[in-house]
Amino acid sequence: MGIQEVDYIIVGGGLTGCAIASRLRQNDATLSLLVLEAGENASDNPKTRDLAGAFELQGSSLDYDYTTTHQQTTKNRTHAVTAGRGLGGGSILNYGYWARGDASDYDQWAATVGDDSWSFKGLLPYMKRAESHYEVDADPENRGSTGPIRVTSVPDSDPKRVYGLREPIKAAWEDLGLTYNAYGDCGSLAGICEFRENWRNGERQPSHLAYRLDSKDVITNALVHKVSFSEDGDGLPRASGVLLADGRCFRARKEIILSAGAIKTPQILMLSGIGPDDVLKEHHIPVLYNNQEVGKNYFDHFALFQTWKLRNSEKGLSMGAPQWTEPALFKGMPCDWAVNEGTPQELLRPALQADAKNGKVFDPSLSQPTRCHTETLVIYSPMGAPVPIDGSWVGTSVMLLVPTSRGIVTLKSSSPNDSPEIDPNFYSTEFDRTALIYGARRLLKAMLATPAGKTYIEFEGAPPGMTPLTEYSSDDAIDERIKMTGKSHAHSAGTSAMGKVVDTQLRVKGVKGLRVADASVLPVAIGGHPQATLYGVAEKAAEMILIDSKH
């Protein structure tokens, strides 16, 4: 049998890869394409869609479950890095939270790359294209209504889905001076925002089920080794094929799109000869194009996770309580609010100045009064913590929205079967430390020092061997807890950064016929949770590819 040849090869059947393939097929049925996914098609596994799977699938065979290098900034710990391995990619593992970043985040992206089409206003039509909002008061200027992804707030998902802590948690934040923001997904994150989800009929929506694919366009269990190139007339190498780890080959007449994620995509680029020449030479890989930026600029949404003991657990306020018999309570994550805040200027300015002096990432836009730096979620479940799920505990996350710590992904070997080396350099800037400590302190006050919080929360459940934090804990104590227990939200990004590795059309620099369309292209951190942004990137990428296909 000869080598299969198609117009487009998409490497990675994850969130963006499936969306791009589906849009290409919908808009031009004459195109031939192939999606190569390293993992399996687990569509018949209900855990890829239900609430239990959101907690249980991390670390399973559907997760690459990478391990970082030891991090000096977090007590020399290693960290698990979750990345979906299977059709649907990260969308079969995530919790289904739908949150765009702040408009200022996207505007900083546009300013960084010198292209306003990546601003909030420029990307908004593509983010809307992915969405089908079910809110009664949906804003048509900012929210989509015809896309494949169903988006809803908790109250609009089911009239019987009413959590007993909804109003008390809101009141606690209001006691701290925050206000309700009904349009937190429309450009301004600040305040108490509805927790929105891309669930449909009580199930999460993996990308390959929302963006339908023809089975003949997909090959699973197809781990890619590298992209192959041919000589073009103008001297630039042209991406012309893909070699799998098992030796199979496929050819592309038009383009190859890498959508393998922020860990795999830079690894594939380097294995293909595109990357830092010293790294490639060390592993005896012929240098096709020396780009020192491949694999750099790694970032993730680092966070502090905590558990809290409820007073009067007999009231049935948390998952596991005997009163939780209403099926609607399980139709999504047990959470009502996403609370987004900035850091006071008197704390922020010295941190940014210290980072600038020490040569760390310096982004003066972070000091804008409207920027949000942390997001806090209160989940009516202990979220896998070592406490019983019996209705007496809740869990929280305080997450950095726009971290400035930067790490690197590089090669361990020239084998595609080996995981790359991941050094995330978590929690390594004064900005990150200042913002996360402040965010954690705000949560302590909300839970333990407001009338509403004190009525329902008894104490923070410290991990074994650690002292519980209180509203009186020092910055040093909070900092120590973060170093000992902090971890990422599994939102890896930035390693094929726009402006450095790809241009603003997502084309890989130094070669032709090769694009990247996944979280690795983000040049700066974007707030919210990444899927809302990444579906927009996929929609925009598909349009770019279709326009170029006409020439």
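Biologist: What is the volume of the second largest pocket?

Modeller: The second largest pocket has a volume of about 260 Å³. That is the space filled by probe spheres set on grid points, which are joined across faces, edges and corners. The model is predicted: local features need pLDDT of at least 70, side-chain atom pairs count only at pLDDT 80 or more, and totals for chains, interfaces and linings use all residues. Residues are numbered from 1 along each chain as its sequence is written, and side-chain values use heavy atoms, leaving out hydrogens and water.

Biologist: Which residues are closest to the centre of the second largest pocket?

Modeller: Of 16 lining residues, they are Glu255, Arg507, Gly513, Arg515 and Asp548. Strand 15 (249-258), strand 27 (514-516) and helix 14 (530-549) each give two or more residues to the lining. A pocket is an open set of points on a 1 Å grid, where a 1.4 Å probe fits, with protein on both sides within 12 Å along at least five of seven lines; a lining residue has an atom within 4 Å of a point.

Biologist: How many residues of each class are in the lining of the second largest pocket?

Modeller: Nine are charged, four nonpolar and three polar. Asp, Glu, Lys and Arg count as charged, so Glu255 and Arg507 fall in that class. Gly counts as polar, so Gly513 does not.

Biologist: What makes Asp7 and Arg253 a salt bridge?

Modeller: Their closest N and O atoms are 3.1 Å apart. The rule asks for a side-chain nitrogen of Lys or Arg within 4 Å of a carboxyl oxygen of Asp or Glu, so the pair qualifies. The structure holds 29 such bridges. Asp7 lies in strand 1 (residues 4-11) and Arg253 in strand 15, so this one ties together parts 246 residues apart in sequence.

Biologist: Why is Asp7 called buried?

Modeller: Its relative accessible area is 10%. Buried means under 20%, exposed over 50% and partly exposed in between, with a 1.4 Å probe and protein chains only. Arg253, at 45%, is therefore partly exposed.

Biologist: Which parts of the chain do Lys75 and Glu480 link?

Modeller: The closest N and O atoms of this salt bridge are 2.8 Å apart. Lys75 sits in the loop between strand 3 (66-67) and strand 4 (80-81), Glu480 in helix 13 (residues 475-485), 405 residues away. Lys75 has 43% relative accessibility and is partly exposed. Glu480, at 32%, is partly exposed.

Biologist: Are Arg143 and Asp185 buried or exposed?

Modeller: Both are buried. Their side chains meet in a salt bridge at 2.8 Å, N to O. Arg166, Glu167, Glu194 and Asp336 are joined into one network by salt bridges that share partners.

Biologist: How do you know that strand 1 and strand 2 pair?

Modeller: Four bridges join them, and the strands run parallel. Pairing needs at least two DSSP bridges, so the count suffices. Val35 in strand 2 is the bridge partner of Ile10. Strand 2 also pairs with strand 12 (residues 218-219), in the parallel sense over two bridges. There, Leu36 stands opposite Ile219.

Biologist: Which way do the residues of strand 2 point?

Modeller: Leu33 and Val35 point one way, Leu34 and Leu36 the other. All are buried.

Biologist: What do strand 1, helix 1 and strand 2 make?

Modeller: A right-handed β-α-β unit, with helix 1 spanning residues 15-27. Right-handed means that, with the strands pointing away from the viewer, the path from the first strand over the helix to the second runs clockwise.
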